[in-house]
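Biologist: Before we go through this assembly, could you set out what the coordinates support, taking one topic at a time?

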There are 4 protein chains.
Amino acid sequence: MRYLTAGESHGPQLTTIIEGLPAQLELLAEDINTELARRQGGYGRGRRMQIEKDQVQITSGVRHGKTTGAPVALVVENKDWTHWTKVMGAEPITEDEEKEVKRKLTRPRPGHADLNGAIKYGHRDMRNVLERSSARETTVRVAAGAVAKKILKTFGIEVAGHVLEIGGVRAVETDYQSVQDLKERSEASQVRCLDDQASEQMIKAIDQAKQDGDSIGGVVEVVVEGVPIGLGSHVQYDRKLDAKIAGAIMSINAFKGVEIGLGFEAARLPGSRVHDEIIWSEESGYSRKTNNLGGFEGGMTNGMPLVVKGVMKPIPTLYKPLQSVDIDTKEPFQASIERSDSCAVPAASVVAEAVVAWEVANALLESFGADRVETISENIRRHNEEAKEF
Amino acid sequence: MRYLTAGESHGPQLTTIIEGLPAQLELLAEDINTELARRQGGYGRGRRMQIEKDQVQITSGVRHGKTTGAPVALVVENKDWTHWTKVMGAEPITEDEEKEVKRKLTRPRPGHADLNGAIKYGHRDMRNVLERSSARETTVRVAAGAVAKKILKTFGIEVAGHVLEIGGVRAVETDYQSVQDLKERSEASQVRCLDDQASEQMIKAIDQAKQDGDSIGGVVEVVVEGVPIGLGSHVQYDRKLDAKIAGAIMSINAFKGVEIGLGFEAARLPGSRVHDEIIWSEESGYSRKTNNLGGFEGGMTNGMPLVVKGVMKPIPTLYKPLQSVDIDTKEPFQASIERSDSCAVPAASVVAEAVVAWEVANALLESFGADRVETISENIRRHNEEAKEF
Amino acid sequence: MRYLTAGESHGPQLTTIIEGLPAQLELLAEDINTELARRQGGYGRGRRMQIEKDQVQITSGVRHGKTTGAPVALVVENKDWTHWTKVMGAEPITEDEEKEVKRKLTRPRPGHADLNGAIKYGHRDMRNVLERSSARETTVRVAAGAVAKKILKTFGIEVAGHVLEIGGVRAVETDYQSVQDLKERSEASQVRCLDDQASEQMIKAIDQAKQDGDSIGGVVEVVVEGVPIGLGSHVQYDRKLDAKIAGAIMSINAFKGVEIGLGFEAARLPGSRVHDEIIWSEESGYSRKTNNLGGFEGGMTNGMPLVVKGVMKPIPTLYKPLQSVDIDTKEPFQASIERSDSCAVPAASVVAEAVVAWEVANALLESFGADRVETISENIRRHNEEAKEF
Amino acid sequence: MRYLTAGESHGPQLTTIIEGLPAQLELLAEDINTELARRQGGYGRGRRMQIEKDQVQITSGVRHGKTTGAPVALVVENKDWTHWTKVMGAEPITEDEEKEVKRKLTRPRPGHADLNGAIKYGHRDMRNVLERSSARETTVRVAAGAVAKKILKTFGIEVAGHVLEIGGVRAVETDYQSVQDLKERSEASQVRCLDDQASEQMIKAIDQAKQDGDSIGGVVEVVVEGVPIGLGSHVQYDRKLDAKIAGAIMSINAFKGVEIGLGFEAARLPGSRVHDEIIWSEESGYSRKTNNLGGFEGGMTNGMPLVVKGVMKPIPTLYKPLQSVDIDTKEPFQASIERSDSCAVPAASVVAEAVVAWEVANALLESFGADRVETISENIRRHNEEAKEF
């Protein structure tokens, strides 16, 4: 599978084309809309999330509720596009109109792609950069991820995410009984956190940040359960699935770190306490006593749940201004504000689920075929049986 | 550029083919051998590092000291191959020979690819997995990285790595005056650590681990200086250079985490203390007061040094045994030992340099052309000038 | 650059996302609509071409008439979608509705993807195949090609196509004075043929085929002029530009052959009459006396015009029926008709231009950078100068 | 699967790394050597083919006669390397040595990559181009193809090639009873032609060309039998298998055209005589009365044998000189001779088999999994059964 996304934050629409989907997959707009709504939720979001309730249109590749194998194009319209047609239109405008439009940006915001993007692509109006570098793009990444989740679910694989840390507040009680339990409890929390007490403190931290005109980041975790043994491969560096997942997580806007399993904690423990001992039973085949390695050995899944963490930096758009320089006048100034979320970590956990789901689904289809659901299902069934009896 | 590697730990040789190199690049076997030697050094390595001093042969793509633009094939012979011809030979062997060979492995080691690799590829002898999943493969990744470093150096870009943490011992004094200083000081330390006091403690920790029959991991950092603004791109998720680097780091054997700039620390600081304020001067153009984001905004380089951290778990092969299960008898056992390094973190920092160098060099050629050095050089010169005057 | 297309023949719209475009490229909907109109023209098209005048919407990546570097999404709506919402909708339908819809296809047409596509993807209703395998998809390939042409034109490279043969009638007078001349004269012909007399005979052949309830194919040629020396590369098999072009031509619906330069004629001539002798002059540098090799040596452009031919088989949908088998009843039947063009060769020449333009533009950006037009332009200028003075 | 090749015509060795092979494939050096010998045979080859009998070394990925799933590296040494160490060595040489070496080439040969390659990569000594652009490289493409053939054979798919035309002499009697028959008869002919009378005339034409100091080209055909229905896909232009095969054929040195099935003949026949009628029987499922489309519909295999033709231009190195220009003096001269085959068409048919086999094997693994032979085999079996009962 592969997918490309297109679309600007204030353009008419966001689009993605997903290519390489198996046929006969049940897929409804609702499957995707549910995820879009989850992405728009979470404590700490600004005004925009309220005005736009994202809805997907499936414009190809699905007929009467099932994929045909043809590329699936998904469209999410930007509801406020009508106010932006002049500013963001594809058509040329006159010089007079240009002055009138008044949305030219010559003041790069620290922490954004404004300045380096402008230099790379030769833009004196940095709106040409920020409209694309905006996290609005993650809308269609979540849409693509929703399709990947549907694939996984079809084969009994579940993906769930939650928030471990926001603005220095760490969740302590993060045990869960099952992925279902994890899902329900994170869904019930305004900050998608399993620890009620931490949730409260996180909300306070968000309120405080908002009050300070500041922003805060955090850590999210994604868990995938039911993954067959042997996705990815140790044989070539670029086929390791943990590496692909790391790249996917880091590609999310504002993410600055990734961990698999213990992650950086592994630097502080002796090997005898890191590696997961192997056990076996007639009923369930091979298993592990622990899951410190987060479901990966040699870049391949080992049958244990995948556990992936990512860190999101605070949103770089602050009321509390940072110093920058106007690219036209070269005058220093205090950086402007384009939008106003003070914390996007809960939403980012949904995006993280999406990108992890994509990589796992993709690896699954590589191993078990990608033509149609029934065949893939049978291939996985036989593989799991063989793995058990290995 | 792209490269593939091939070769087993006890096979005749390791091979890599590097494709897409510019012509007219000065490249000597020595450039590569220096890096191979660095990889083999470092306190805490076992016997094998002593017996094999890796030497590269350049078997194509370089003529009279310069690349021709044709693919470069690099070969590193395994010195002890003569003892392994029967065990690892490509030719079929008789059943009698098979019994004699006595290197069949049916006992998977926790933390290795042995078991999941065997299930994936259908091997009852797990030697067929571990010979390839072995970190011996990083030899040619370092070789490919040496070529990438030569590209970067040719255009004034320097890559350096050092060790921040081993077995829970963290370096405190990690300031350096220049990349040159960083290089010299890390080279001078047996554990590639800038902090002398920490170095000593790390060595002690390694000795202790060895004595305990245990192993320890650690954290390495790679710094790249002199990178032009705008490598990578914000426009599509899979073109973000920080994401590619994250994938590359995670693809190194035993790595479990990656950070860019502040990394996970960014979850604990307010936005006002994370984002790097923009300054400007006539002489040097745009710059930053700090480098918390590690040289990246929007997935693109911003002109500041790239700062990448990675964490390596303890080597999974221990004298202190872990429980596992024989795949033939299904009897539990205490996991066997194939080799005996107790800490490979210093060497891993060299591998990390290599894979980061590769990604940066690749992004550089994508932006500035890849046909020949002179043209690329001129393109970079003009770009840097325009960036300064932007 | 890369692009994906999506969309069905009777779905709501066709979509393409083009990724990797340089910024600052002037691009108007009109640039694309002109090409879409050319594709819809040509003698021999059936009813549909009249009812739908394709119009593109640019929904991202272009602002105020210029590309921003962000992905460009292009949408072409299917005008008759309103009549097909039930038949082709993404939403599930009830069993009753299913019966009512009455467009289920169980009778595969020879020459189409109906049967093998149905078997591959597990469709009992072959509409799920033919809606995507339809040549309607070439609409957005032409759109993508229009963008590629704009790139080429910006750097002084011209692409033109014409028809050499239809239904056994070959053009004899095919000389042209310049690409401009070629364009004008092919545009003036109803069958895009330079030879007036042949044009007339081709039209008669089309009329005759229509009368017979039959269809006819033909041969088209694409010429690209002004191409810098050295696009593509001899160093690796999959970087040869002629190979990529061959793949692109063969990927057009109903194409069964490709030739570069003399093509199959080269099997009948001695080497001394095939290879293009090299000449040199102070004013224009290196050139060739002839262009038998169609502008390629070693898979790279050599500065002469590219000359590419492709053959299109007759459209497989005939009034004159072919034998087939109903997949439900297994009864033989005479294959049904879905549409009614009797010859699509003139249109196919426009598609061929598009796919060739894409490959050349892509190779151009690989050699000269892809960030922004001004830099690429300067890089090409310097390259051409150096080539002249080589 | 993917593979890269490296190596120069007079360098120490040719190398290929093949990545993505399934495990448990039986693979012997002999399987590859047989194909290398076939490539070196054929009437009309010059001296070099006699002095070098190519032998492959498998340096990784195969153990005790079976693939492990790890990358397979193949090496073919150049036997005369000892005479070329100074001329082609990777080490720098002094200026004095440079003069002594005397193999500098400043005179580009028409029909070769010499001049455009030199301009692209900035070489004043065109040996830096021709050593790589030489058809010697096809040695390892044949080696990679031999591995692909072994995959196909393992699953009951056979690949065979033969010569249809040389220097204007066309084979007339080209019927064969089975692929086995085709193989045996082409193998028995010195020019790999099924028609004995044409074979004789071809040999005469080659002798005549040699006597004239000229060279001749020809047309080859590759047939693949036993291919499952549905390899490749109609859903995206770059997934069409016929397109990939066209690219592969065109990427062979000196090839200028490709045809699938009827190829250009399809421009001269009405649709009613081109498309292959569909029949069905209880015993064998769906089949076709004819195979005009060469086994492809909609870019996918349809169960009929694949039939691919390619045209090779005459070898551009002639005793009969062509005009060219010395790049140093700019003086015109008569182009020099580097080697002396007068016809390489029979050998080229072996290369064509190799590249077609690769594409088909690759498509096969994409559809049916690529982890291990047993699973793939079972997947194909089930697919073929379902296809029959569809």
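Modeller: Buried means under 20% relative accessible area, exposed over 50%, and partly exposed in between. Please keep in mind throughout that this is a predicted model.

Biologist: With that cut-off, how many of the residues of helix H5 of chain B are buried?

Modeller: Helix H5(B) spans residues 114-121 and is mostly covered. Its buried residues include Asp114(B), Asn116(B) and Lys120(B) as well as Leu115(B), Ile119(B) and Tyr121(B). Just after the helix, Gly122(B) takes a positive phi of about 70°. The count of buried residues in H5(B) is eight of its eight.

Biologist: Which residues does UniProt mark as "binding site" in chain A, and where are they placed?

Modeller: The record, an unreviewed entry, gives this feature at Arg39(A) and Arg45(A). Arg39(A) belongs to helix H1, residues 29-40 of chain A, whereas Arg45(A) is in the loop between H1 and helix H2 (47-51) of that chain. The places asked for are therefore helix H1 for Arg39(A) and, for Arg45(A), the loop between H1 and H2.

Biologist: Is Arg45(A) buried or exposed?

Modeller: The cut-off for buried is under 20% relative accessible area. Arg39(A), with a relative accessible area of 4%, is buried. Arg45(A) has a relative accessible area of 10%, so this arginine too is classed as buried.

Biologist: Why is Cys343(A) not bonded to the closest cysteine sulfur?

Modeller: A disulfide is a covalent bond between the sulfur atoms of two cysteines. A search of the whole structure finds zero disulfides over all chains. Cys343(A) is buried, with a relative accessible area of 0%. The closest cysteine sulfur to that of Cys343(A) is in Cys193(A), and it is too far for a bond because the distance is 12 Å.

Biologist: What is the nearest cysteine sulfur to Cys343(D)?

Modeller: Cys343(D) is in no disulfide, and the residue is buried, with a relative accessible area of 0%. The nearest cysteine sulfur is 12 Å away and belongs to Cys193(D).

Biologist: Which strands stand at the edges of the open sheet in chain B?

Modeller: The sheet has four strands in the order E1-E2-E6-E3, with antiparallel pairing. The edge strands each have a single partner strand, so one side of each is left without a neighbour in the sheet. These strands are E1 (2-6) and E3 (56-60) of chain B.

Biologist: What does the twist average from one strand to the next, and about what angle does helix H1 of chain B make with E3(B)?

Modeller: From strand to strand, the twist averages 20°. Helix H1 (residues 29-40) of chain B packs on the sheet and touches E3 and strand E6 (72-77) of chain B. The direction of H1(B) makes an angle with that of E3(B) of about 140°.

Biologist: Which residue in E2(B) stands opposite Leu4(B), and at about what angle does helix H7 of chain B run to E2(B)?

Modeller: E1(B) and strand E2 (residues 13-19) of chain B run antiparallel and are joined by five bridges. In E2(B), the residue opposite Leu4(B) is Ile17(B). Helix H7 (residues 138-154) of chain B lies across E1, E2 and E6 of chain B, and its angle to E2(B) is about 30°.

Biologist: Which residue in the hairpin of E1(D) and E2(D) takes a positive phi?

Modeller: Strand E1 (residues 2-6) of chain D is largely enclosed by the rest of the structure, because four of its five residues are buried. Five bridges join E1(D) to the antiparallel strand E2 (residues 13-19) of chain D, with Thr5(D) opposite Thr16(D). The hairpin has six residues between the strands, and the positive phi, near 125°, is that of Gly7(D).

Biologist: How are chain A and chain D related, and which C-alpha in chain A is nearest the axis?

Modeller: A turn of 180°, with a shift of 0.0 Å along the axis, lays chain A on chain D with an RMSD of 0.0 Å. The two copies are thus related as by a two-fold rotation axis. They meet through the same surface, since 100% of the interface residues of chain A are also interface residues in chain D. The C-alpha of chain A nearest the axis, 2.7 Å from it, is that of Gly369(A).

Key: Residues numbered from 1 in each chain as written. Chains lettered and ligands numbered in written order. Predicted model: local features only at pLDDT ≥ 70, side-chain atom pairs only at ≥ 80, totals over all residues. Heavy atoms only, no water. UniProt positions renumbered as here; feature names shortened; annotations may be inferred. Helix = DSSP H or I, 4+ residues; strand = E, 2+ residues; numbered from the N terminus. Buried < 20%, exposed > 50% of the residue type's maximum accessible area, 1.4 Å probe, protein only. Disulfide = S-S within 2.5 Å. Pairing = 2+ DSSP bridges. Axes fitted to C-alpha atoms, helices over the stretch in contact; angles between N-to-C directions. Contact = heavy atoms within 4.5 Å. Least-squares fit on C-alpha atoms with pLDDT ≥ 70 in both.
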